[in-house]
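Work through the exercises below with the sequence and the structure beside you. Try each task on your own before you read its solution.

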Amino acid sequence: MDRWALSELIGFRLTRGVLASADRRPPAGVDALLAGPDPATPRRLAVLEALNDAENLGSIARSAVALGVDGLLLDPRCADPLYRRAVRVSMGHVLALPFAVLADWPGGLDLLHDAGYLTVALTPAADAVDLADVDPRAHPRTAVLLGAEGPGLTPEAQAAARVRARIPMRAGVDSLGVAAAAAVAFATLR
């Protein structure tokens, strides 16, 4: 097919000349995502609140797969993890990462607690514990809560989490970008 005809068909210029079509599976059920294939095994989840930037979502998904996170739990305001920009930035890894939408936000975080997860809300707040003080061996099921670039997690989401943790940084730097903070947290809690 002529490359300009292809661009007209899909709505943007495709630099590699490859086009694919796939049937979209529905998101996983929240209970299935929380349990995983074996409810007795350690499990890590990334829980995203209002993360509406597809590039950040894709980058988080790529780090999640690389660093042993087993799934994404999204609040209703998050970007679509299967949006083409998220898929591209994740290098396709988001396609292998189960995800579910937690419709009751943040009240639904109690489902994680009931399933045995320690919920860790990332925040740069000075009164939060050092992330390195959260022992992943003592908490085989851990869920890291991350908020949108800029506003971060809402006070309601932070209050619903069991732990508020910060990544220690050099003085004068107030925070990391959400994708970088996610990667640090995933590696620390591995």
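**Exercise 1: The protein as a whole**

In this predicted model, 41% of the 190 residues of the protein count as buried.

Task: Describe which secondary structure elements the protein has, in what order they come, and how its overall size compares with the globule rule.

Solution: Begin with the elements, which come to 7 helices and 7 strands. Next, follow the chain from the N terminus, where the order of the elements reads α-α-β-α-β-α-β-α-β-β-β-α-β-α. The radius of gyration is 18 Å and the globule rule gives 16 Å for 190 residues, a close value, so the protein is as compact as a globular protein of that length. Then turn to the box that the C-alpha atoms fill, which is roughly 60 × 45 × 25 Å along the principal axes. Finally, consider the contacts between residues at least 6 apart in sequence, of which 81% join residues at least 24 apart.

**Exercise 2: One helix and its cover**

Task: Find the span of helix H3, and state which of its residues are buried and what covers them.

Solution: Helix H3 runs over residues 54–66, and its 13 residues reach 18 Å from the first C-alpha to the last, close to the 18 Å expected at 1.5 Å a residue. The buried residues of H3 are Ala 54, Asn 56, Leu 57, Gly 58, Ile 60, Ala 61, Ser 63 and Ala 64. Their cover includes strand S1 (43–49), strand S2 (71–74), helix H4 (84–89) and helix H7.

**Exercise 3: Two loop residues**

Task: Decide for Leu 153 whether this residue is buried or exposed, and do so for Val 173 as well, where partly exposed is a further choice.

Solution: Start with Leu 153, which lies in the loop between strand S6 (141–147) and helix H6 (155–160). Its relative accessibility is 6%, and since buried means under 20%, Leu 153 counts as buried. Leaving aside residues up to four places away in sequence, Leu 153 touches Glu 49, Ala 121, Leu 122, Leu 145, Leu 146, Gly 147 and Gln 158.

Continue with Val 173, which lies in the loop between strand S7 (163–166) and helix H7 (178–188). Its relative accessible area is 44%, which falls between the cut-offs of 20% and 50%, so Val 173 is partly exposed. Together with Met 169, Leu 176 and Val 184, Val 173 makes a nonpolar surface patch of about 270 Å².

Methods:
Residues are numbered from 1 along each chain as its sequence is written. This is a predicted model: local features need pLDDT of at least 70, side-chain atom pairs count only at pLDDT 80 or more; totals for chains, interfaces and linings use all residues. Side-chain values use heavy atoms; hydrogens and water are left out. Patches are made of residues with over 30% relative accessible area and no salt bridge: like charges are joined within 9 Å, nonpolar side chains (Val, Leu, Ile, Met, Phe, Trp, Tyr) within 5 Å. Accessible areas come from the Shrake-Rupley method with a 1.4 Å probe; for residues, only the protein chains shown count as cover. A salt bridge is a side-chain nitrogen of Lys or Arg within 4 Å of a carboxyl oxygen of Asp or Glu. Helices (H or I, at least four residues) and strands (E, at least two) are DSSP runs, numbered from the N terminus. Buried means under 20% relative accessible area, exposed over 50%, partly exposed in between (1.4 Å probe, protein chains only). The radius of gyration is taken over C-alpha atoms; the globule rule is 2.2 Å times the number of residues to the power 0.38. Contact means heavy atoms within 4.5 Å. The expected span of a helix is 1.5 Å times one less than its number of residues.
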